[in-house]
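Subject: Structure handover

Dear colleague,

I am passing on the structure below, together with an account of what was found in it. Please read the notes with the structure open beside them.

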Amino acid sequence: MMKIFTSKKLLLALCPLLLFLLAFPYSGLAKKKKPARKAKITESRVLESENHIRILFYLNNIPEYSHGFIPADIDKNLPDRLYIDFRHLLLNPATLPTKNLPEKAIKKLRYGQKSKDEVRLVFDLTGAYNYKVSKLAKPTRLAIDLEIKPKPAIAAEEKPALQEVEPVSSELMVTPPPEPEEQNYIIVLDPGHGGDDTGAVGPTGLQEKNVALDLTLLLAEELKNDGNITIYLTRDKDKELELAARSTFANNQKADLFISLHSNASTERALSGFSTYYLNNTDDRFSQRLAAQENSVSSEEVTPLEHVLNDLKMNQITASSQKLAELVQSKTMDIIGSNELGVKDQGVKSALFYVLLGARMPAILIECNFISNPHEEQLLASPEYREKLIAGIAAGIREYLKPAQK
Ligand SMILES: [Zn+2]
């Protein structure tokens, strides 16, 4: 049955659109430079978690800026410092976060006029930390993220108290590391959608949520055969599940991989093919468009998760996610891209998928064909084709888990 989508239904039905995007880079939106309008900081906020501090400057627009780290100078009794210089900024000290700074990382914030049209902010730090400065849109903000590592000397002394892990016995310490093939992995599989959220619906009524669940159950069976893989499912039946709950579940299971299964959809019925996504800050035009459409997520909802995104550890996870995505894509295309089936290779893409965002491990989202394409809907309905998809996806995962790949 052909269904005409209203714009609201379209949003609900199109799979990639359902995966709310959070923030997107400011780049590409910059208008032609006008010299007149001075930037102002209207408000500042400081967010703090165990190993991460985020300082947010809310601005009417982002001025030119530069930043750097200056190591401590013992002779001059100066600590490690992080500075940020703004050009054409009207400084109102009342809007700076001078008061509630986390003492564990920042001693104080100083500010001053560096030159006629340049303002410098200096954070006196308690140590040398990794940091990152990034622009955020809607609302316009500049974020400074500090990754705090325990100081080596203190860390060594306090380690037993800080970490609630079982003590390592001397016997364990002299045991050589296990052989690579003995390593066990935990994989969380996430069938997209569920319950009232059907996901996309094909021309004859095949529902994405059901395809995703069946594929997930098949993949779980397939991977369990390996013996060294433990599988957890975010859902094993038809039930509704919030997006954030899915990656949170994976975090709680301490999963090594998080894999979300979906089918793509488009109002363009001719669109077809197989693609794998991983979480990344991307300037890919498609992703940008999605980001623009999906920015209805309020900043209140965004903040804690942005936190995660900007955590510097995400860089490493992103690289691993990309590797996993590439292997899954290529191994699956080896099977379904053959002449007989001829499924189009839509490639590996990156986007700010909400469902992947909170994941603290390599995470990918697989778009198994276009359920909106009549031919591919038929493929997805066929058990033989589902087996082929699973064989390809499982091969990609296995390849990734080989020690040399990581
Ligand atoms: Zn979907």
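A good place to begin is strand β7, where L121 is the bridge partner of Y111. Please keep in mind throughout that this is a predicted model.

Y111 belongs to a pairing in which strand β6 (residues 106-115) and β7 run antiparallel and are joined by eight bridges. Within that pairing, L109 has F123 in β7 as its bridge partner, and the two strands form a hairpin that leaves two residues between them. Strand β7 is also joined to strand β4 (residues 81-87), again in the antiparallel sense, this time through seven bridges, and here F86 is the residue that stands opposite V119.

These pairings belong to an open sheet of four strands, whose order is β3-β4-β7-β6 and whose pairing is antiparallel. Its edge strands, each of which pairs on one side only, are β3 (65-70) and β6, while the twist from one strand to the next averages 15°.

As background, the side chains of a regular strand alternate between the two faces of the sheet. Strand β7 (residues 118-125) shows this alternation, in that V119, L121, F123 and L125 point to one face and are buried, whereas E118, R120, V122 and D124 point to the other face and are not buried.

The second sheet to look at is also open, but it is built from six strands in the order β11-β10-β12-β15-β13-β14, and its pairing is mixed. Here the edges are formed by β11 (229-233) and β14 (345-351), each pairing on one side only, and the twist averages 20° from one strand to the next. Within this sheet, six bridges connect strand β12 (residues 257-264) with strand β15 (residues 363-370) in the parallel sense, and L261 stands opposite I366 in β15. Helix α11 (residues 374-381) packs on the sheet, where it touches β12 and β15, and its direction makes an angle of about 115° with that of β15.

Two residues in this part of the chain deserve a closer look for their backbone angles. N369, which lies in strand β15, has a phi near 60°, a positive value in a residue other than glycine. N369 counts as buried because 29 other C-beta atoms lie within 10 Å. K254, which is likewise not a glycine, has a positive phi of about 55°, and its place is in the loop between α6 (243-252) and β12. K254 counts as exposed, because it has 10 C-beta neighbours inside 10 Å.

Finally, there is a helix pair to examine. Helix α5 (residues 208-224) packs against helix α12 (residues 383-401) at an angle of about 50°, and their axes are 9 Å apart. That angle is why α5 is described as oblique to α12, and the crossing of the two helices is right-handed. On the α5 side, the residues that meet α12 are D214, L215, L218, L219, E222 and L223, and their counterparts in α12 are R386, L389, I390, I393, A394 and I397. Sorted by class, the contact of α5 with α12 comprises nine nonpolar and three charged residues, with no polar ones.

With best regards

Notes:
Residues numbered from 1 in each chain as written. Predicted model: local features only at pLDDT ≥ 70, side-chain atom pairs only at ≥ 80, totals over all residues. Pairing = 2+ DSSP bridges. Axes fitted to C-alpha atoms, helices over the stretch in contact; angles between N-to-C directions. Contact = placed C-beta atoms within 7 Å. Parallel < 35°, antiparallel > 145°, perpendicular 65-115°, else oblique. Left-handed = near helix turned anticlockwise from the far one by under 90°. Nonpolar A, V, L, I, M, F, W, Y, C, P; charged D, E, K, R; others polar. Buried ≥ 20, exposed ≤ 12 C-beta atoms within 10 Å, placed from the backbone.
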